[in-house]
Amino acid sequence: MITPEFKASILKELRLDDYEIKDETLANQIPGWDSINHINVISAIEKDFSVRFKSIEILKCKNIGDLQNLLTSKLAKK
Amino acid sequence: MFIDINKVASLFKFDQYDPLLFASSFFLFLFLGLLLILSVIKERKIQSFLLIAFSVFFYYKASGDFILLLLGAGIANYLIGKGIYRNESQGIKRFFLLLGIVLNLGVLIYFKYTNFFIEIYNSALNGSIDAWDIIQPLGISFYIFKALSYIFDIYLEMHEPEESFFDFFLYLSFFPAILSGPIDRAGDFLPQIKNPLPFTNSTIAKAVFLISLGLLKKNLIADYISINFVERVFDEPSRFTGVENLLAVYGYTLQIYCDFSGYTDMAIGIGMLMGFKMMDNFNYPFKAVSVTDFWRRWHLSLSAWLQNYLFKPVQIGLRSFRIWGNAAAIFVTFTLCGLWHGASYNFIIWGLLHALFMIFSLFTKDIRDKAAAFLKIKGTWFHSFLKVFITFHLIAFAWIFFRAASFEKAETVLKQIITFFQPEVFPQFVDAFFPVFILMSIGYLIHFLPSRLELLAQSFMERITIAGQAVILALAIWISAQARFADLQPFIYFQF
């Protein structure tokens, strides 16, 4: 499940008013989330939730749902 | 009728000067035979054994004993994939990954770059090491990259390793893609062994369309303008005026696209007839509105590979540096992309140019946006045209270094264009190279027409009967044979 806070963090960084994000949504399906902008979105999420992902953890994410799960697991450990 | 058995047998033997090119009648004859057998034996397991046997023969015919290298790469990567997956410990997983990287890149570097490194050593440090006697196995850059993508994806938990060695080896050695890609991901290819593309009229129509289109692109447009015009100018650019040099640059830009995408179209079409949908490799690259966009349209399977396994890891690792992290990742990725294309400075310069274009565009994005808004052209037809025009010329400029035999030759091409343009020669060019002029015009015209025309052509192919499709294919074969007055030209991308 994509949480509203997680979604808000992505939308804010990409300057989008709204966009439907589901677990199976792929990053490049979201307007503005291209290969160059990728690090900006990841850095924004890390900053907003005060977490730090390992590179390999990010590379293993297949879709936004995986990234949400990674974030949830990091927040649980805090 | 008397048939010379020895002559027939020699057709099946390794001959580096006579590989099984898709457009050769011998290939077409064998491939039709294979298709006939596949249509009788429906059991997929037996079909895949037949495909492996044909792939092994196809590679042996072009590369001889190097078939053993391909087999070795198959066995090693199959076992490494299992090693990564089966071990729970992260340390052991990493060990197997590293082993895979070292083995694969070691083989690639040895065969492809040893003599280049010797050359650098000799010129930089005044060394005097003789070049080693190394022959580069055909297609090595493609199948090693496929093998690497397989073990990377297992490490990144994108999919599990393949249980059957034979299925994995079919992925690695699949003959339509062995010499020049597409570099499909195992996760996309392997499931199709069990669940093949349905052999419907639509599949056949699309395959026949792609094969016919590929034949015309490669044999009619690319080969013809290459032999008759581009090659002559690039061999001795100083003997031609600037306008001819510029046209040769445009010619080469079209040639390399038609050559490579034409071969890939044929490969994808041939794959479809056997139940495999390989990934698209080109999407109207010269319609790109930026160099970054060009790489989303050109050699897609390579750019996806580089993005997944090189660009992203570097970029993510350097994300604290924000825009500079992106710039560094672009620089590393495209310098190595250049080197992947061949062991020579030309290719490195070509890759570096692409990197510089993209890094420049990264840092000037805001300024360019503001300038377009100030000039009130943002979002207009003119703005799009300008972006396509500039991108096309940046790409064409970089191809000069890719094509020229040496840096000096590339310089001469540019010098002629800048200092000795002589536009009045243009009518003479049209006169002297009329077929070249027509083919170049047609090639570019078709490229820049709306892409829905291609869909229209495909649906036309679906609506006509099999006999009609066969006539179109036969016509394409006949036209390419007519255009090929000399022997078949080797495919440009084989050497990479």
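**Figure 1. The kink in helix H5 of chain B, in a predicted model.** H5(B) bends by about 60° at a kink centred on B:Tyr113. The helix covers residues 90-125, 36 residues in total, yet its end C-alpha atoms are only 42 Å apart. A straight helix would reach 52 Å at 1.5 Å a residue. The buried residues of H5(B) are B:Phe96, B:Gly100, B:Asn104, B:Leu108 and B:Lys112. These buried residues pack against H4 and H6 of chain B. Just after the helix, B:Asn126 has a positive phi of about 55°.

**Figure 2. The pairing of helices H4 and H6 in chain B.** H4 (residues 67-86) and H6 (residues 140-155) have axes that come within 9 Å and cross at roughly 10°. With angles under 35 degrees counted as roughly parallel, H4(B) and H6(B) are therefore roughly parallel to each other. H4(B) makes the contact through B:Leu70, B:Ala73, B:Asn77, B:Ile80, B:Gly81, B:Ile84 and B:Tyr85. From H6(B) come B:Tyr143, B:Ile144, B:Ala147, B:Tyr150, B:Ile151, B:Ile154 and B:Tyr155. By class, the residues of this contact are twelve nonpolar, two polar and no charged.

**Figure 3. The contact between chains A and B.** Chain B gives 15 residues to the contact, and chain A gives eleven residues. On the side of chain B, the elements that give two or more residues are helix H14 (300-317) and helix H15 (323-341). H14(B) supplies the largest share of that side, seven residues. The side of chain B that touches chain A has six nonpolar, five polar and four charged residues.

**Figure 4. Helix H14 of chain B and its surroundings.** H14(B) has 18 residues and reaches 24 Å from its first C-alpha to its last, close to the 26 Å expected at 1.5 Å a residue. A kink of about 45° is nevertheless present, centred on B:Gln307. The buried residues of H14(B) are B:Leu300, B:Ser301, B:Leu302, B:Ser303, B:Trp305, B:Leu306, B:Phe311, B:Gln315 and B:Ile316. Their cover includes H2 and H3 of chain A together with H6 and H15 of chain B.

**Figure 5. Two loop residues with positive phi, A:Ser50 and B:Arg322.** Most residues other than glycine have a negative phi. A:Ser50 has a positive phi, near 50°, and lies in the loop between helix H2 (38-48) and helix H3 (55-59) of chain A. A:Ser50 counts as exposed because it has 9 C-beta neighbours inside 10 Å. In chain B, B:Arg322 has a positive phi of about 50° although it is not a glycine. B:Arg322 sits in the loop between H14 and H15 of chain B. With 12 other C-beta atoms within 10 Å, B:Arg322 is exposed.

**Figure 6. The loop between helices H8 and H9 of chain B.** This loop, between helix H8 (175-178) and helix H9 (186-189), holds B:Leu179 and B:Pro182. B:Leu179 is buried, with 25 other C-beta atoms within 10 Å. Its C-alpha atom is separated by 22 Å from that of B:Arg296, and the two residues are 117 residues apart along the chain. The peptide bond that joins B:Gly181 and B:Pro182 is cis, with omega about 5°.

**Figure 7. Helix H18 of chain B and what covers it.** H18(B), residues 381-403, has 23 residues and reaches 33 Å from its first C-alpha to its last. This span is close to the 33 Å expected at 1.5 Å a residue. The buried residues of H18(B) are B:Thr391, B:Leu394, B:Ile395, B:Ala398, B:Ile400, B:Phe401, B:Phe402 and B:Arg403. Among the elements that cover them are helix H11 (201-235), helix H12 (242-273), helix H13 (291-294), helix H16 (345-363) and helix H19 (407-419) of chain B.

**Figure 8. B:Phe27 in helix H2 of chain B.** B:Phe27 belongs to H2, residues 25-40. With 17 C-beta neighbours inside 10 Å, B:Phe27 counts as partly exposed. Leaving aside neighbours within four places in sequence, B:Phe27 is in contact with B:Leu20, B:Leu21 and B:Phe22. B:Phe58 is 31 residues apart from B:Phe27 along the chain, and their C-alpha atoms are separated by 9.1 Å.

Note on methods:
Residues are numbered from 1 along each chain as its sequence is written. Chains are lettered from A and ligands numbered from 1 in the order in which they are written. This is a predicted model: local features need pLDDT of at least 70, side-chain atom pairs count only at pLDDT 80 or more; totals for chains, interfaces and linings use all residues. Axes are lines fitted to C-alpha atoms, for helices over the stretch in contact, and angles run from 0 to 180 degrees between N-to-C directions. Helices (H or I, at least four residues) and strands (E, at least two) are DSSP runs, numbered from the N terminus. Angles under 35 degrees count as roughly parallel, over 145 as roughly antiparallel, 65 to 115 as roughly perpendicular and the rest as oblique. Two residues are in contact if their C-beta atoms, placed from the backbone, lie within 7 Å. Ala, Val, Leu, Ile, Met, Phe, Trp, Tyr, Cys and Pro count as nonpolar, Asp, Glu, Lys and Arg as charged, and the others, Gly among them, as polar. A residue is buried if 20 or more other C-beta atoms lie within 10 Å of its own, exposed if 12 or fewer, and partly exposed in between; C-beta atoms are placed from the backbone. The expected span of a helix is 1.5 Å times one less than its number of residues. The bend at a residue is the angle between axes fitted to the seven residues ending there and the seven starting there.
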